[in-house]
Amino acid sequence: MESKFRPTAEGRIPFKIPGKEETHCSTYYKVFGDLNNGAPRVVLLHGGPGGGHEYLLSFSQLWDRYGLPVVLYDQVGCGASTHLPELAGNTEFWQESLFVAELDNLLDHLNLRDGPGFHLLGQSWGGMLGASYAASRPKGLQRLVLASGLASMPLSIQSIEQRRKELPLDLQNAVAKAVQDGTYEGPEFEKALGVFHKNFVCRQDPIPVEMMLSFKNLVEDKTVYGTMYGPSVFNCNGSLSRWTSIPRLENIRAPTLVYNGEYDTSGDISQVPFFELIPRVRWITFPGGSHMCHLEQEGGLAERVLKTVGEFLTQHK
């Protein structure tokens with residue numbers, strides 16, 4: 001599998017983990033466009049955690065369409081960045097603070113804070129990270145996009161449970177049995193998971209190559225997802241299980257676009273705090289869309305998502 005999107009530049013950034021300086025890591029990144037063209041740069045934060053950047057590559061079109069340089073990167077522990085399987089299960093290590101430090105390191109290395117500054121677009125877990133980071137009011141942040149993000153993990157768990165209950169009863173039972181037994185294999189559970197994904201995660205058929213590449217990242221190294229989220233989308237018992245950004249949302253000063261899909265695993269219940277507490281915010285729910293509505297072509301949905309994001313990021317304050 002290979003993506004059709006070709007970067008202008010790519011590289012690796014040395015990353016010293018705070019408190020673990022003896023652990024030598026690097027962050028892999030790609031650039032689309034000219035970082036010095038005078039426009040704010042769009043930094044994309046992928047989901048998972050541990051999903052890698054590939055499924056967000058379609059947002060690289062923000063460069064060709066809107067003149068916005070785009071930076072994508074693989075967070076530490078996945079993709080082409082340093083993997084740390086020896087730290088699987090270490091919930092003290094795999095915390096939000098690790099990824100905040102990595103994002104700070106990337107922004108400083110690429111000198112993105114100065115001049116026109118930068119925008120952040122975080123999808124799913126990336127939206128969680130983006131909201132938390134924006135609440136610290138970092139130097140240079142211009143605008144924020146929370147794409148199918150989650151205001152808190154308890155609200156996310158409720159949202160996923162709501163979607164589970166929309167499955168046919170036999171598939172609901174297969175999921176319940178898997179969670180009870182702690183075994184997430186077997187034809188019945190795999191059928192239920194497949195239907196869940198097709199309806200609520202990515203409705204595009206066939207699944208885009210970029211999405212398959214990110215699924216591959218999650219399958220090949222389960223360290224990050226398994227430790228931070230848990231053994232299955234239906235069982236969140238990792239280090240993020242009680243995570244919340246809600247007390248911090250009022251501190252976000254950047255104009256913010258929140259969006260999700262009609263059939264999203266990030267349902268409305270997990271978006272409401274963003275809308276109620278972020279001071280300057282707009283919320284859109286895309287009809288017919290799921291968690292990956294930026295990849296879904298039916299009815300021109302992916303184009304509408306790109307246009308909505310591009311126009312928001314190029315608005316004058």
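A pocket here is an open set of grid points with protein on both sides within 12 Å along at least five of seven lines, and its lining residues have an atom within 4 Å of a point. Keep that in mind for what follows. The model is predicted.

Start with the largest pocket. About 1,100 Å³ of space lies in it. Its lining is shared by several helices: α3, α4 (153-164), α6 (187-201), α7 (209-220) and α8 (223-228) each give two or more residues. Helix α6 supplies the largest share, with six residues. In total, 39 residues line this pocket. Nearest its centre lie H197, F215, L218, Y225 and V233. By character, the lining splits into 21 nonpolar, 15 polar and three charged residues.

Now turn to the second largest pocket. Its space comes to about 290 Å³. Here the elements giving two or more residues to the lining are α1 (61-66) and α10 (301-313). Helix α10 gives the largest share, four residues. The lining holds 18 residues, and S58, Q61, H294, Q297 and A302 lie nearest the centre. Nine of the lining residues are nonpolar, five are polar and four are charged.

Go back to α3, one of the helices that line the largest pocket. This helix runs over residues 125-135. It is mostly covered: eleven of its eleven residues are buried. Among them are G126, G127, M128 and L129. Further along the helix, G130, A131, S132, Y133, A134 and A135 are buried too. Just after α3 comes R137, which takes a positive phi of about 55 degrees.

One residue of α3 deserves a closer look: W125. Is W125 buried or exposed? Its relative accessibility is 2%. Buried means under 20%, so W125 counts as buried.

What does W125 touch, leaving aside residues up to four places away in sequence? Its contacts include H46, G47, G48 and P49. W125 also touches Q75, E96 and F99. M228 and L240 complete the set. Take G48 from that list. In sequence, G48 and W125 are 77 residues apart. In space, their C-alpha atoms are 5.9 Å apart.

Conventions: Residues are numbered from 1 along each chain as its sequence is written. This is a predicted model: local features need pLDDT of at least 70, side-chain atom pairs count only at pLDDT 80 or more; totals for chains, interfaces and linings use all residues. Side-chain values use heavy atoms; hydrogens and water are left out. Buried means under 20% relative accessible area, exposed over 50%, partly exposed in between (1.4 Å probe, protein chains only). Contact means heavy atoms within 4.5 Å. On a 1 Å grid over the protein atoms alone, a cavity is a set of points where a 1.4 Å probe fits but cannot get out, and a pocket is an open set with protein on both sides within 12 Å along at least five of seven lines; lining residues have an atom within 4 Å of a point. Grid points are joined across faces, edges and corners, and a volume is the space filled by probe spheres set on the points. Ala, Val, Leu, Ile, Met, Phe, Trp, Tyr, Cys and Pro count as nonpolar, Asp, Glu, Lys and Arg as charged, and the others, Gly among them, as polar.
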